[in-house]
Amino acid sequence: MSSTKSDENAQPWQSYHTVFTNAKAGMDGVDKEKVQKIVYEMSKGSKYFENEQRKETYIQQRIENLRCRAALLTASDIADFEKIADRRVLELEGSRDLSRTWIHVDMDAFYAAVETLENPSLAGKPMAVGNMSMICTANYEARKFGVRAAMPGFIARKLCPDLIFVPTNFQKYSHYSELTRKVFREYDSRFIARSLDEAYLDVTDVCRQRCMSGESVAEEIRHAVHVETGLTCSAGVAANRLVAKVCSDINKPNGQFVLPNEQSAIMAFMSSLPIRKVSGIGKVTERMLKDVLGINTSDDLLQKRAMVCALFSQCSADFFLSVGLGLGGVEPPEEEHRKSISTERTFPATNDEVEIFKKLDDIANTLSKDMEKEGIRGRTLTLKLKTIAFEVRTRAVSLQLYIYSKDDILHHSLKLLKAELPLSLRLIGLRISHFKDEKSGPSDPTQKTLTSYLSSGNITQQVGSSKSYLNADRDVYNDMEVDGTYSSEGRLGD
């Protein structure tokens, strides 16, 4: 016991959990311990370090709480949950649809690639988009050193002394993103764009009408994107969106992977897949599943399905079991029930109110344009702020009228923002929800059906379950925020 503690004191970075040491595409050969040590040494004593310590304490409390709840389960309880889990697996398996062909297209190191395209002298050199305060993305040359998105630039420079910084230009990235979407529309007019640099396309009809395989269509799309933009992208082809997204990461950059629409092939593919590879399972969820239940792979979720159903709500348990089965969204976009639309920006920390107001103006403009494109209006506006101390605050207001215009969004978000000032900020985000054109759903907005869950492909609402001993889902839902990364139209690119 004393020897173990002595080792931890001698190498404290080994217990310093941070998103920066999680591998992304192009980082497979990185010395993780070396990166972890440098991140620890460079962060120690900073506001970021203090915030990471607070988050680690929070995560450990949740893990211990989960362990205590698990310890209270009797053999009879577990046997009951085994029956519940077996029944849910059968029901979920019965919903499997192998008739669709989905392609997930993901641009390669998008922001960095755009900058290199416009400045060829950057080619082959380690480069990051951002500054010494924060990086939006890094090219593959920089990733070899452990540099990655959402990393402070001063840490990245320590990892890679020759790293070149290029300032962000979202207007430029939006332009190239629209060029890619021009291509996507030719294959699926209702494609789903989750961010500037990725999209889901249902190419079932194209394959049928043109007598082409999903593999051939993916190759054609990737070629068309390159011709239109000069940029490369990677693709995943599968029977549903969840699996297609996993597949698109396998042969990055500038490659693709096709998973046959066969139940046996999908189950074999998912069996050894690390749970962290699945969209919707972040650092916190991974820690809970791994540290409490010993779950490391998707197949483990099925093998330990009784405990999964015992410790999580029905919605979360359904998600985890679906991951194990390789199930995901297959419905066309108009059948989805989108809950919100958002955008946000990370920038060097500032307390300059004029600069902060300019950032908010830009974000409101972007959000308004996105809403106008999709023809939606909402009446709940949420402001998200991230302070210099990495504290995340959210403030919301429910309006009597549905809005979408920049003026309305800015007017109401300014009221929320001014109530928080003075403040030194490093991130501002805006989200609008409760849409006017939403289809009718449960009268209780916190409820969520299995159908809508499968349609969305991830967990977005908390659902209570009378069968659950512990509602641990707050950790699942807050995963992205605790990780320090966020989903938005200006999402950190791969």
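Two strands are said to pair if DSSP finds at least two bridges between them. The legends below describe close-up views of a predicted model.

**Figure 1. Strand β2 and its two partner strands.** Strand β2 and strand β4 (residues 164-166) run parallel and are joined by 3 bridges. One residue of β2, Met 127, has Ile 164 as its bridge partner in β4. With strand β3 (residues 135-138), β2 pairs in the antiparallel sense, again over 3 bridges. Here Ala 128 has Ala 138 of β3 as its bridge partner. The strands β2 and β3 form a hairpin, with 4 residues between them. In a regular strand, side chains alternate between the two faces of the sheet. In β2, Met 127 and Val 129 lie on one side, Ala 128 and Gly 130 lie on the other, and all of these residues are buried, so that both faces of the strand are covered.

**Figure 2. The surroundings of Val 129.** Val 129 belongs to strand β2 (residues 127-130). Is Val 129 buried or exposed? Val 129 counts as buried because its relative accessibility is 0%, and the cut-off for a buried residue is under 20%. Residues touched by Val 129 include Tyr 111, Ala 112 and Glu 115. Ile 135, Cys 136 and Thr 137 are also among them, as are Val 166, Pro 167, Thr 168 and Tyr 173. These contacts leave out residues up to four places away in sequence. Val 129 and Ile 164 are 35 residues apart in sequence, and their C-alpha atoms are 8.5 Å apart in space.

**Figure 3. An open sheet of 5 strands.** The strands of this sheet follow the order β5-β6-β1-β7-β8, and their pairing is mixed. Which strands stand at the edges? The edge strands are β5 (192-195) and β8 (256-258); each has a single partner strand, so one side of each is left without a neighbour in the sheet. On average, neighbouring strands of this sheet are turned by 15° against each other, direction ignored. At one edge, β5 pairs with strand β6 (residues 198-202) in the antiparallel sense over 3 bridges. Within this pair, Ser 195 has Glu 198 of β6 as its bridge partner.

**Figure 4. Helix α10 across the sheet and against helix α8.** Helix α10 (residues 214-229) lies across β1 (102-107), β6, β7 (233-238) and β8. Relative to β7, α10 runs at about 160°. Helix α10 also meets helix α8 (residues 170-187): their axes come within 9 Å and cross at roughly 145°. The crossing of α8 with α10 is right-handed. On the α8 side, the contact involves Tyr 176, Leu 179, Thr 180, Lys 182, Val 183, Phe 184 and Tyr 187. These residues meet Val 217, Glu 220, Ile 221, Ala 224, Val 225, Glu 228 and Thr 229 of α10. By type, the residues of this contact comprise 9 nonpolar, 2 polar and 3 charged.

**Figure 5. Helix α16 packed against helix α4.** Two packed helices are described by the angle between their axes and the distance between the axes. For helix α4 (residues 75-94) and helix α16 (residues 314-325), the angle is about 60° and the axes are 10 Å apart. The two helices are therefore oblique to each other. Their crossing is right-handed. Helix α4 contributes Ala 85, Arg 88, Val 89, Leu 92 and Glu 93 to the contact, while α16 contributes Gln 314, Asp 318, Leu 321, Ser 322 and Leu 325. Of the residues in this contact, 5 are nonpolar, 2 polar and 3 charged.

**Figure 6. Helix α16 packed against helix α12.** The axes of helix α12 (residues 263-271) and α16 come within 7 Å and cross at roughly 110°. At this angle, α12 is roughly perpendicular to α16. The contact joins Ile 266, Met 267 and Met 270 of α12 to Val 323, Gly 324 and Leu 325 of α16. The residues here divide into 5 nonpolar and 1 polar, with no charged residue.

**Figure 7. Ser 424 in a loop.** Ser 424 lies in the loop between α18 (406-418) and β12 (425-435). With a relative accessible area of 19%, Ser 424 is buried. When residues up to four places away in sequence are not counted, Ser 424 touches Ala 349, Thr 350, Asn 351, Thr 387 and Ile 388.

Definitions and conventions: Residues are numbered from 1 along each chain as its sequence is written. This is a predicted model: local features need pLDDT of at least 70, side-chain atom pairs count only at pLDDT 80 or more; totals for chains, interfaces and linings use all residues. Side-chain values use heavy atoms; hydrogens and water are left out. Axes are lines fitted to C-alpha atoms, for helices over the stretch in contact, and angles run from 0 to 180 degrees between N-to-C directions. Angles under 35 degrees count as roughly parallel, over 145 as roughly antiparallel, 65 to 115 as roughly perpendicular and the rest as oblique. A crossing is left-handed if the near helix is turned anticlockwise from the far one by less than a right angle, and right-handed if clockwise. Contact means heavy atoms within 4.5 Å. Ala, Val, Leu, Ile, Met, Phe, Trp, Tyr, Cys and Pro count as nonpolar, Asp, Glu, Lys and Arg as charged, and the others, Gly among them, as polar. Buried means under 20% relative accessible area, exposed over 50%, partly exposed in between (1.4 Å probe, protein chains only).
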